[in-house]
Amino acid sequence: GTIIAGLNPQPAAAALFNRISLLVNDALKAAKFPQLNRYYLLHLEGGNISAAMQFGDYQWGILVDIKQIQLGLLLNVHIPNTMEAIKEALAA
């Protein structure tokens, strides 16, 4: 839950989303469901989406206004490209 890089970082949100991810995985495990994989999305009030992407011990979180971006671009271009860049950075 510690921020290692950020733009407009929200330390409390980072810690809480880390906890949410752990709780969701615990609930999925108890239900005998598969664990979280690459990311999960939360559709929030006010036309916002929060996305949490998983990288082993790391997590990347963003909050986007869906009036400012097309959801298809977010899911099919921005998230995959950024995830690939983060994986490369972590491997270096």
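**Asking why: a guided look**

Guide: Start with S21, which is placed in helix 1. Keep in mind that the model is predicted.

Visitor: Why does S21 count as buried?

Guide: Its relative accessibility is 4%. Buried means under 20%. The value of 4% falls under that limit, so S21 counts as buried.

Visitor: What makes the pairing of S21 and Q59 a polar contact?

Guide: Their side chains are joined at 2.5 Å. The cut-off is a pair of N or O atoms within 3.5 Å. A distance of 2.5 Å meets that cut-off, so the pair fits the term.

Visitor: Which residues does S21 touch, beyond its neighbours within four places in sequence?

Guide: S21 is in contact with L36, Y40, Q54 and Q59.

Visitor: Q54 is on that list. Where does Q54 lie?

Guide: Q54 belongs to strand 2.

Visitor: How do you know whether Q54 is buried or exposed?

Guide: Look at its relative accessibility of 17%. The limit for buried is under 20%. So Q54 counts as buried.

Visitor: What does the side chain of Q54 make with the side chain of Q59?

Guide: A polar contact, at 2.9 Å. That is within 3.5 Å, so the distance fits the definition. Setting aside neighbours within four places in sequence, the contacts of Q54 are S21, N37, R38, Y40, Q59 and M83.

Visitor: Let us turn to W60. Where is W60 found?

Guide: In strand 3.

Visitor: Why is W60 called partly exposed?

Guide: Its relative accessible area is 23%. Buried is under 20% and exposed is over 50%. The value lies in between, so W60 is partly exposed.

Visitor: Which residues are in contact with W60, leaving aside neighbours within four places in sequence?

Guide: They are A51, A52, M53, F55, T82 and I86.

Visitor: How much space lies in the largest pocket?

Guide: About 1000 Å³. There are 30 residues in its lining, and A5, A14, Q59, W60 and G61 are the closest to its centre. Helix 1, strand 2, strand 3 and helix 2 each give two or more residues to the lining.

Visitor: Which element gives the most to that lining?

Guide: Strand 3, with seven residues.

Visitor: How do the lining residues divide by type?

Guide: There are 20 nonpolar, nine polar and one charged.

Visitor: What makes K67 and D65 a salt bridge?

Guide: Their closest N and O atoms are 3.7 Å apart. The rule asks for a Lys or Arg side-chain nitrogen within 4 Å of a carboxyl oxygen of Asp or Glu. The pair meets that limit, so it is called a salt bridge. The count comes to one salt bridge.

Visitor: How exposed or buried are K67 and D65?

Guide: K67 has a relative accessible area of 61%. That is over 50%, so K67 is exposed. D65 stands at 26%. That value is between the two limits, so D65 counts as partly exposed.

Visitor: One more residue. What is notable about phi of K32?

Guide: Phi is near 60°, a positive value in a residue other than glycine. K32 lies in the loop between helix 1 and strand 1.

Visitor: Why is K32 called exposed?

Guide: Its relative accessible area is 76%. Exposed means over 50%, so the term applies to K32.

Visitor: How far apart are K32 and Q68?

Guide: They are 36 residues apart in sequence and 37 Å apart in space, C-alpha to C-alpha. W60 and V24 are also 36 residues apart in sequence, with 16 Å in space, C-alpha to C-alpha.

Conventions:
Residues are numbered from 1 along each chain as its sequence is written. This is a predicted model: local features need pLDDT of at least 70, side-chain atom pairs count only at pLDDT 80 or more; totals for chains, interfaces and linings use all residues. Side-chain values use heavy atoms; hydrogens and water are left out. Buried means under 20% relative accessible area, exposed over 50%, partly exposed in between (1.4 Å probe, protein chains only). On a 1 Å grid over the protein atoms alone, a cavity is a set of points where a 1.4 Å probe fits but cannot get out, and a pocket is an open set with protein on both sides within 12 Å along at least five of seven lines; lining residues have an atom within 4 Å of a point. Grid points are joined across faces, edges and corners, and a volume is the space filled by probe spheres set on the points. Helices (H or I, at least four residues) and strands (E, at least two) are DSSP runs, numbered from the N terminus. Ala, Val, Leu, Ile, Met, Phe, Trp, Tyr, Cys and Pro count as nonpolar, Asp, Glu, Lys and Arg as charged, and the others, Gly among them, as polar. A polar contact is a pair of N or O atoms within 3.5 Å; within protein, one must be able to donate a hydrogen and the other to accept it, and residues adjacent in sequence count only if both atoms are side-chain atoms. Contact means heavy atoms within 4.5 Å.
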